[in-house]
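Work through the exercises below with the sequence and the structure side by side, and try each task before you read its solution.

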Amino acid sequence: MGTKSQFANIPGSIVAPKGFRASGVFCDIKRLGTGKGSNKGPKRDLALIVSDVPAMAAGMFTTNQVCAAPVKVCVARIGSGRGQAVVVNSGNANACTGPQGMRDAMEMARFAEQCLALRPGSAFVGSTGRIGLQMPMDNVRAGIVEAAVELGRTAGHAARAAEAIITSDTRPKQVAVEFLLGGRKIRIGGICKGAGMIQPGMSATGRRPAAIPLHATMLCFLTTDAAIGARALQAALQEAVALSFNRITVDGDMSTNDTVLIFANGLAGNPQLNSSGFRLRAPHYGATSHAPRFQSALNHVCLELAKMIVRDGEGVSRFVTVHVAGAKSNAEADRAARTVANSALVKTSWHGGDPNWGRIIDALGYSAATVVEEKVDIGYSAPGSRKILWSLKQGQPTRATFEDLCAAVARREFDLHIDLNLGQGHALIYAADLTEEYVEFNKGDVSDPASLGG
């Protein structure tokens, strides 16, 4: 829905909407010199995002059956549809930490509420980093106190928060847009993190199945000054996540901590959007509803952030959009697309610039989708182009030259087109190649214990 030109990109990301403040500080959560990422020095590692007034809140959470304590806290709180703040740390996932981990996650939220003079239950919590380590709560509490003092409304404050949530990312990821709705200027802003352990599959409750279609930890925090009801906000976020974060993969691994949260404080003063304008599965909007424009803007923001994650994936050198058409159903198309996008053989061939259709059709064949060899078409194009160079038609090689095919996949970004020619099902996945750098970063070194487990 919508195009990029519909929305004005503006600075400030999460503080661009009216009535939001943010900060990011360093409180040494991971401890310098302990594992991957700690070599970045005193990188900010704790962020606060706060609305001046109570807001509507919605969320989407990992469906990994091993679920981190902060996710459990968020899932328990999101049912109220209300919230005013989120405290986020990097360097420690607070996952697989038992009862103490739950107490620590609750304490992070409670302590943030105390420092900000918020009502109990209005703060959420997010964590990312190493699994299985207890939180250094003295450091965390000191960081929350400092972050509360440092809260501000400038683009610099937003940038510091964006830095504080990243781990193996090479750069912060943030975006904000402005558009008109009911005669009022509406803003949506967001920050996210993620580079490895990326194939989110999030649902509104953390239970499977994930949002349609299925989709290091992926965290995203969104703010908007739009007036919108809690149910409508949840429906809008579910669609936006299904079309963005649940369609990306770097390495096929789903994190224990994946979280997307959005706060809507209504300070833009537009006529309130309600749930009658939104549908979770098949959007159908009334002629006078403003829902399509808000949905389109939220979809755009989430997709821009999701693509930033793939482009900044660990060791990534190529960004590939996998299109599957002609499947028996959308679900089968999704299965086919994910199998191809996560095949180590396919991903390494992308890295090498090898247009190896044999690996692609092999992956299709062992996927859970129905595939008839004699009907499969495989081709390549420039991003978004309808001019496709087909390497395979009806299961047989075309007359396309090897030189032309190599040129098609030599780009840093290209589209892979697959048509199963069996039905109307289609799917889209944003994927990455697999490089030596990814292996080097993730393999650890037994001779250097500080590099292990991070």
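Two exercises on this predicted model follow, each with a worked solution.

**Exercise 1.** Find the order of the strands in the open sheet that 6 strands form, and then work out which helices pack on this sheet.

*Solution.* Begin with the sheet itself, whose strands lie in the order β14-β13-β12-β15-β11-β16, with mixed pairing. The edge strands are β14 (396-397) and β16 (425-432), each of which pairs on one side only. Next, look at β11 (residues 319-327) and β15 (residues 413-419), which pair in the parallel sense over 7 bridges; T321, for example, has D415 in β15 as its bridge partner. Finally, turn to the helices: α7 (residues 330-342) lies across β11, β15 and β16 and runs at about 25° to β16, while α8 (residues 344-352) packs on the sheet, touching β11, β15 and β16, with its direction at about 60° to that of β16.

**Exercise 2.** Decide how many disulfides the model contains, and explain why C192 does not form one with the closest cysteine sulfur.

*Solution.* Start from the cut-off, which asks for two cysteine sulfur atoms within 2.5 Å. The closest cysteine sulfur to that of C192 belongs to C220 and is 5.5 Å away, so the two are too far apart for a bond. Then repeat the step for C220, whose closest cysteine sulfur is that of C302, at 5.5 Å, which is again too far for a bond. By this rule, the count comes to 0 disulfides. As a last step, consider the surroundings: C192 is buried, with a relative accessible area of 0%, and C220 is buried with a relative accessible area of 0%.

Terms used
Residues numbered from 1 in each chain as written. Predicted model: local features only at pLDDT ≥ 70, side-chain atom pairs only at ≥ 80, totals over all residues. Heavy atoms only, no water. Pairing = 2+ DSSP bridges. Helix = DSSP H or I, 4+ residues; strand = E, 2+ residues; numbered from the N terminus. Contact = heavy atoms within 4.5 Å. Axes fitted to C-alpha atoms, helices over the stretch in contact; angles between N-to-C directions. Buried < 20%, exposed > 50% of the residue type's maximum accessible area, 1.4 Å probe, protein only.
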